[in-house]
Amino acid sequence: MSHRFCVSLTHAADDADRATVAFVVANAALGSGQDTVVFLSTEAVRLAEIGYADGIHEAGFAPLADLMSNFAAGGGTLYVCSPCFKKRSLDESKLIPGAKVVGGAKLVEFLAGGSPCVSN
């Protein structure tokens with residue numbers, strides 16, 4: 001049985017509810033002892049920029065920046081889709097700690113180990 005879990009996220013400030021719930025689930029997976037990856041693609045790659053998540057706070061949940069910090073502090077891995085990141089002309093020198101810009105092959109490698117993946 002795999003002890004891996006993946007959350008694929010395509011939203012950021014454009015849908016704070018989905019972005020927030022994705023990190024709630026990712027933190028729950030970490031808390032359950034899973035080796036957890038959040039894969040940011042399309043608009044979600046913006047979350048990997050320092051300061052972008054500040055101020056995103058969906059009612060009823062912890063602020064997104066706090067959820068993301070807890071995820072990183074808990075040992076979670078944050079993969080950022082390279083083509084999506086480049087398309088938006090974002091700057092790798094402004095990545096939050098722990099974020100890694102990767103190609104699709106890196107995600108496939110993680111999933112090929114038998115990881116379930118949820119999308120939000």
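Which residues does Arg88 touch, not counting residues up to four places away in sequence? In this predicted model, the answer is Thr42, Glu43, Val45 and Arg46. Arg88 itself sits in the loop that runs between helix 3 (82–87) and strand 4. With a relative accessible area of 18%, Arg88 falls under the 20% limit and therefore counts as buried.

A good place to go next is the sheet. Five strands make up an open sheet, arranged in the order 4-3-2-1-5, and their pairing is parallel. At the edges are strand 4 (99–102) and strand 5 (117–119), each of which pairs on one side only. On average, neighbouring strands of this sheet are turned by 25° against each other, with direction ignored. As general background, strands of a sheet pair through backbone hydrogen bonds, in either a parallel or an antiparallel manner.

One pairing can be followed in detail. Strand 3 (residues 77–81) and strand 4 run parallel and are joined by four bridges. Within this pairing, Cys81 stands opposite Val102 in strand 4. The sheet also has a helix across it: helix 4 (residues 104–111) lies across strand 1 (4–9), strand 2 (35–40), strand 3, strand 4 and strand 5. Relative to strand 1, helix 4 runs at about 145°.

Strand 2 offers a closer look at a single side chain, that of Leu40. Is Leu40 buried or exposed? Its relative accessible area is 0%, which is under 20%, so Leu40 is buried. Leaving aside neighbours within four places in sequence, Leu40 is in contact with Leu9, Phe23, Val45, Leu47, Ala48, Leu78, Tyr79, Val80 and Cys81. Two of these names have already appeared: Val45 is also touched by Arg88, and Cys81 is the residue opposite Val102.

The remaining feature is a pocket. The largest pocket has a volume of about 220 Å³. Its lining consists of 16 residues, and those nearest the centre are Ala65, Met68, Ser69, Ile96 and Pro97. Helix 2 (residues 64–73) supplies the largest share of this lining, with five residues. Sorted by class, the lining of the largest pocket has 10 nonpolar, four polar and two charged residues. Ile96 also gives a link back to strand 2: the C-alpha atoms of Leu40 and Ile96 are separated by 13 Å, while the two residues are 56 residues apart along the chain.

How values were computed
Residues numbered from 1 in each chain as written. Predicted model: local features only at pLDDT ≥ 70, side-chain atom pairs only at ≥ 80, totals over all residues. Heavy atoms only, no water. Pairing = 2+ DSSP bridges. Helix = DSSP H or I, 4+ residues; strand = E, 2+ residues; numbered from the N terminus. Axes fitted to C-alpha atoms, helices over the stretch in contact; angles between N-to-C directions. Contact = heavy atoms within 4.5 Å. Buried < 20%, exposed > 50% of the residue type's maximum accessible area, 1.4 Å probe, protein only. 1 Å grid on protein atoms, 1.4 Å probe; cavity = no way out; pocket = protein on both sides within 12 Å on 5 of 7 lines; lining within 4 Å. Points joined across faces, edges and corners; volume = space filled by probe spheres on them. Nonpolar A, V, L, I, M, F, W, Y, C, P; charged D, E, K, R; others polar.
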